[in-house]
Amino acid sequence: MTKKINRRQFIESSALAAGATMFAPTIIEALGIGTRTAMGYPAAQKPLSSYDRQVRELLARMTLEEKIGQMTQAEQDALKDVNDIQKYFLGSLLSGGGSDPKAGNSLAAWTDMCDGYQEHALKTRLRIPLLYGADAVHGHNNVLGAVMFPHNVGLGCTRNPKLVESAARVTAEEVRATGVNWAFAPCVTVPRDERWGRTYEGFGEAPELARTLGEAAVRGLQRDDLGDPLSVLACAKHFVGDGGTTIGTAGFANPEGKHLLDQGDTQLSEADLRKIHLQGYISTVKAGVGSIMPSYNSWNGVKVSGSRRLLTGILKQELGFEGFLISDYKAVNQITKDYKEAIGISINAGMDMVMVPTDYEQFFNLLLELVKEGKVPMARIDDAVTRILRVKFAMGLMNKSRSPLADRRLHKTFGSAKHRQVARECVRQSLVLLKNEKRTLPLSKKLARIHVGGKSADDIGNQCGGWTIEWQGKSGEVTPGGTTILKAIQNTVSPATKVTSSKDGSGAGGADVGIVVIGETPYAEGVGDRDDLALAAEDVTAINNMKQAGIPVVVVLFSGRPMIINDALGRCDAFVAAWLPGTEGQGVTDVLFGDYKPTGKLSFSWPRSMAQIPINVGDKNYDPLFKYGFGLTFA
Ligand code: BGC
């Protein structure tokens, strides 16, 4: 199913129910990560509060309007007039999923767009540059031609922090190339229920994965120092408990009209919230993450984005977070029906910057009123702006001798073979081999004939999943420069091997082996909430057609989560869970044809049936089809 969903309309119409170890050393070393000491990581960057002397001087010169502007983040495609950047002293802009430059989607257009906006910010009295944010959640995934990494669900199966760090470094470099300086990543959610459409954004169901891999991603994005011109500001999200919502509490209905999980209520004791969902924040704060995004969800009936206990009490006071909080897209609007009151609640709870994202004048004016009426104390505004400016100083943005514009020399390596090589390594290590009867895998490269089937065998869009060029992603040729599985097979086998293909798996008779590539089609956020994770009928047909030819069958599954695969497993000889691997399909064939042994271990427990969901490691009577951590390899 290819869907084009307008994100703004979707959010506006739905959400407003108020109240409601085997790694290639050369690659890693080339990226400067092989130099770690035996003690592990070097100390995180210097504390953000060490910039407070400079921040205080600047703050003392700022008007209230200039301060509120710093706290305002507008969606670039909602700017009514580009001069509004100066008029409202905007501190930040974002491109949400699918928000491309007006000039089209290309590396050059993105760079010109960001530089153009930055030049407007430099025309303001205080010349404070913008933070420009984008959802670079698996590579710089909004930009055509960027290398797309596996989504976090796959990276979780690598269990390899160094590799995750190197992937984040590459992402940061591609983000920087366009002039964007802030990635809304990593997502350190701990998804506990696979019916949730955002399951693939998390590293896995166990908090240890969010803790270790989230930290690694922050170190990769921000490098050792936010002032490094190749680093970008990271954003741990979505604080907190987004992956722990209770079924039936979603803030809106999915396309089937069902209220499942997304943006729902996390009904959990504080001890469990801390044990499961807080872990990724403890480690990313320790690693020096400069921004954190509070979540849409509620915790025991209270919206997180309005919770002083969570934002100020736990995150800032207890964990000692010195960076700033950016609200999620229109999340503040959900706190209560009266928008002005909602702004007051959120800012007083500790929100520092608001992803408005469309009606920025209204937000600006309402917050101004709230301060003038004494409903939001000046001290809170000063604290919020201090936190934002700390980050801007740490990033070198306030350094007059350094330009905040893009370094276009980085265009040379954007989407380069070197970058793709890192993603390919991530793909290899993320694959989980679930079944391998009679040593079906690895395949010989010299077989006489291979038949390739399944709707996703030659579909880069399905391979990349959601958050790829468009918010929801889309099937088909969504981005150039990648390798589909069919193409990767053709690239791998000997010149004498005949590769035939058919989407429905028919015509396989006489082949030595059949490879069927099936699975989910792209979705993002609540649009992907499902209460049935059965394989699609066309996928079952493709497997059956292959099997009827009487040949060994290898199934490769693209999915953002475990699916119900019992029947399919019974009908094939080998089964590989490939998750959403991104553009580098060659990483899949590297394993299928035995150049690399599979090492991936499940980041989620694999359920036997829908009735078993939610199922998580450590549950009483834990009896999944495959346990958390399962993964076969070759002899
Ligand atoms: C998502 C965030 C994302 C933001 C900006 C929201 O809908 O929940 O993960 O960073 O949009 O695109």
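**Notebook: helix contacts, a buried helix and odd backbone spots**

I began with helix H3 (residues 52–60) and helix H15 (residues 378–394), whose axes come within 9 Å and cross at roughly 125°. The model is a predicted one. Angles from 115 to 145 degrees fall in the oblique class, and H3 and H15 are therefore oblique to each other. I noted the hand as well: H3 passes H15 in a right-handed crossing. Next I listed who touches whom. From H3 the contact takes Asp-52, Gln-54, Val-55, Leu-58 and Leu-59; from H15 it takes Asp-382, Val-385, Thr-386, Leu-389, Arg-390 and Phe-393. I sorted these residues of the H3 and H15 contact by class and got 6 nonpolar, 2 polar and 3 charged.

**Second helix pair**

I then turned to helix H9 (residues 207–222) and helix H11 (residues 279–286). Their axes come within 8 Å, and the crossing angle is roughly 25°. An angle under 35 degrees counts as roughly parallel. H9 and H11 are therefore roughly parallel to each other. The crossing of H9 past H11 is right-handed. On the H9 side I wrote down Pro-207, Ala-210, Arg-211, Gly-214, Glu-215 and Val-218; they meet Gln-279, Gly-280, Ser-283 and Thr-284 in H11. The class count for this contact of H9 with H11 is 3 nonpolar, 5 polar and 2 charged. I looked at the spacing along H9 too. An α-helix has 3.6 residues a turn, so residues three or four places apart point the same way.

**Helix H6**

Helix H6 (residues 107–121) has 15 residues. I checked its length: first C-alpha to last is 22 Å, close to the 21 Å expected at 1.5 Å a residue. Is H6 enclosed or open? Of its 15 residues, 11 are buried, so H6 is largely enclosed by the rest of the structure. I copied out the buried ones: Leu-107, Ala-109, Trp-110, Thr-111, Met-113, Cys-114, Asp-115, Tyr-117, Gln-118, His-120 and Ala-121. What do these buried residues pack against? I found two helices, H5 (84–87) and H8 (161–177), and two strands, E2 (92–95) and E3 (131–134).

**Cis peptide bonds**

I went on to the backbone. Most residues other than glycine have a negative phi, and most peptide bonds are trans. Ala-185 and Pro-186 are joined by a cis peptide bond, with omega about 5°. I placed Pro-186 in the loop between strand E4 (182–183) and H9. Another cis peptide bond joins Leu-441 and Pro-442, where omega is about 0°. Pro-442 sits in the loop between strand E12 (432–436) and strand E13 (449–453).

**Positive phi**

Which phi does Arg-223 have? I read a positive value of about 50°, although Arg-223 is not a glycine. Arg-223 is in the loop between H9 and strand E5 (235–239). Buried or exposed? The cut-off for buried is under 20% relative accessible area. Arg-223 comes out at 16%, so I logged Arg-223 as buried.

I also noted Trp-579, not a glycine either, with a positive phi near 55°. The loop that holds Trp-579 runs between strand E17 (574–577) and helix H21 (586–592). Its relative accessibility is 0%, so Trp-579 counts as buried.

Terms used: Residues numbered from 1 in each chain as written. Predicted model: local features only at pLDDT ≥ 70, side-chain atom pairs only at ≥ 80, totals over all residues. Heavy atoms only, no water. Axes fitted to C-alpha atoms, helices over the stretch in contact; angles between N-to-C directions. Helix = DSSP H or I, 4+ residues; strand = E, 2+ residues; numbered from the N terminus. Parallel < 35°, antiparallel > 145°, perpendicular 65-115°, else oblique. Left-handed = near helix turned anticlockwise from the far one by under 90°. Contact = heavy atoms within 4.5 Å. Nonpolar A, V, L, I, M, F, W, Y, C, P; charged D, E, K, R; others polar. Expected span 1.5 Å × (residues − 1). Buried < 20%, exposed > 50% of the residue type's maximum accessible area, 1.4 Å probe, protein only.
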